[in-house]
Amino acid sequence: MQDGFTAAPTRLSRLTAGSVATLMTIAAAAIFPYASAQAPKVPVLFPVFATALAVNNSIIAYLITLQFYLTRRTTVGLLGSAFGYSALMAAMQVATSPGVFSEVGYLGSRSHVGVWMWITRLCGFPLLIVLAMLLLKLSPNHTVPKRHLNWALGGFVFGPAVVTLALDRFLFIEGTRLPLLISPSGSYATLAYGGVGFMMVMAWVAALTSILWVTRLRHSFYGWLALGSYSYILYLLVNFAGAARFTVGWYTSRFFELSAAAIILGALLYEVLKMQQRLRSSYLHAYEESIRDGLTGLFSRRYFDTALSREVASQRRHGRPFSLLMVDIDFFKQYNDRHGHLAGDRCIRKIARCLASQLREGDVVARFGGEEFVAILPNTDEDTALKIAERFRCAVMALQLARDRNDKGNVTVSAGLYTCRSEAAMTPEQMLAQADAALYRAKHAGRNRVFTSRADMVVA
Ligand SMILES: Nc1nc2c(ncn2[C@@H]2O[C@H](COP(=O)(O)OP(=O)(O)OP(=O)(O)O)[C@@H](O)[C@H]2O)c(=O)[nH]1
């Protein structure tokens with residue numbers, strides 16, 4: 001079965017992704033001339049954006065890691081790590097944002113430590129995607145062996161946590177010695193034109209290129225991942241065009257980053273929904289197959305056994321009678337010998353259809369095996385069951401299925417009936433044996449007749 005990462009994109013998803021990419025490009029181009037215009041200063045948006053991103057990316061990481069657990073595909077595990085890393089770094093950014101835990105940031109770090117965390121997040125994230133794509137290119141079907149699954153899962157979940165902690169620890173200790181990339185006034189000039197900004201954009205260009213090159217967008221999830229990477233590029237460009245914090249560019253760029261995360265999360269949730277639908281329909285298909293007889297489409301013997309036990313239990317509770325009808329085609333061996341096995345199959349199908357058509361909707365009609373059928377007639381006393389069985393016997397004769405090539409006699413059926421009344425204390429097997437014994441007597445009495453389990457009642 002296809003998982004969310006191997007399903008081909010639909011026309012609708014291609015169209016949607018194309019339209020979103022076009023709209024985002026138009027929006028970014030429209031904002032560019034006004035990007036550096038100053039907007040009202042709302043510092044609280046720092047931690048708000050970072051929190052939204054951390055939550056969103058955590059959910060994405062969780063969903064992708066679940067996929068890894070199901071498929072054991074290493075690329076998927078690595079992608080889960082990429083999103084996990086981004087989520088954790090964003091969470092650390094929230095913690096270090098001035099005004100959240102302390103005036104100057106978490107553990108007394110300066111605000112430019114937060115900037116370096118932002119940079120390491122935005123460079124590490126796409127590089128992990130590139131790594132996943134390279135792995136996909138080199139070994140498309142690489143999976144983790146089952147016995148190592150838990151270890152690999154631990155690695156993909158805790159690996160990003162260890163890297164994040166190590167990086168943050170390094171930044172807290174050494175961060176103040178790193179160059180100041182955003183000036184205390186909030187200007188992005190050093191960052192945008194000093195090479196680091198270019199490197200950040202290039203990291204996302206590399207991620208986007210690797211996705212396009214390796215997957216050629218043949219799988220729907222990778223299409224959305226490519227779109228997400230594209231919005232990261234727009235995010236950085238609009239951000240740098242803003243030239244400083246709290247400009248129009250700065251604010252709108254945040255929405256591009258959140259859009260990237262929302263697009264990927266939306267795509268994943270959609271894939272989960274599609275997978276659920278596929279699972280449901282294959283479950284229903286498998287269930288139908290398991291309860292139906294392949295040749296006739298009637299219920300299978302196994303389903304019949306369960307239905308009979310249920311009917312017996314219901315009869316004991318409510319005291320309403322039900323009848324069991326057992327049917328066998330007469331001289332079917334002759335029919336097979338004269339017409340061939342395939343014609344025999346067709347004959348079995350016709351009689352099965354005839355039997356089903358003579359019964360009511362709530363009746364359970366099953367193929368008992370070979371040329372034998374069985375039916376449960378709920379809420380049916382012996383007289384009614386006899387009438388139904390007789391009607392069916394006549395209907396089979398009316399089909400006029402010639403038993404041999406010389407037209408000497410038509411196919412007929414014999415039937416045995418057992419009616420379970422309130423005083424009966426038999427097991428389902430004993431009830432079946434009663435119906436079978438009645439059928440046996442019908443055969444012995446010359447066939448083409450209906451016998452009940454009470455020897456005195458015969459219809460022919
Ligand atoms: N074509 C076809 N034949 C089947 C199928 N299942 C069982 N049979 C045949 O049904 C025939 C049953 O033969 P018997 O058990 O001797 O019974 P009969 O010839 O119907 O004779 P009576 O039941 O005594 O009237 C055998 O030849 C089986 O091979 C099936 O699925 N398709």
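Student: How far apart are the end C-alpha atoms of helix H1, residues 11-31?
Tutor: We're looking at a predicted model, where local features need pLDDT of at least 70 and side-chain atom pairs 80 or more, while totals for chains, interfaces and linings use all residues. Numbering starts from 1 along each chain as its sequence is written. H1 (helices are DSSP H or I runs of at least four residues, strands E runs of at least two, numbered from the N terminus) has 21 residues, and at 1.5 Å a residue (times one less than their number) it should span 30 Å. The model agrees, because the end C-alpha atoms of H1 are apart by 30 Å.

Student: Which residues of H1 are buried?
Tutor: Buried means 20 or more other C-beta atoms, placed from the backbone, within 10 Å of a residue's own; exposed means 12 or fewer. The face of H1 turned away from its buried side carries exposed residues, including Arg 11, Leu 15 and Ile 26. The buried ones in H1 are Ala 17, Met 24, Ala 28 and Ile 31.

Student: What arc around the axis do those buried residues cover?
Tutor: They sit on the same side of H1. That's because their arc (of directions from the helix axis to the C-beta atoms) is only 65°.

Student: Which element gives the largest share of the shell around the ligand?
Tutor: 16 residues surround the ligand (C-beta, placed from the backbone, within 6 Å), with Asp 330, Phe 332, Lys 333, Gly 344 and Gly 370 the closest. Strand E1 (322-329), helix H11 (332-339) and helix H12 (341-358) each give two or more. The largest share, four residues, comes from H12.
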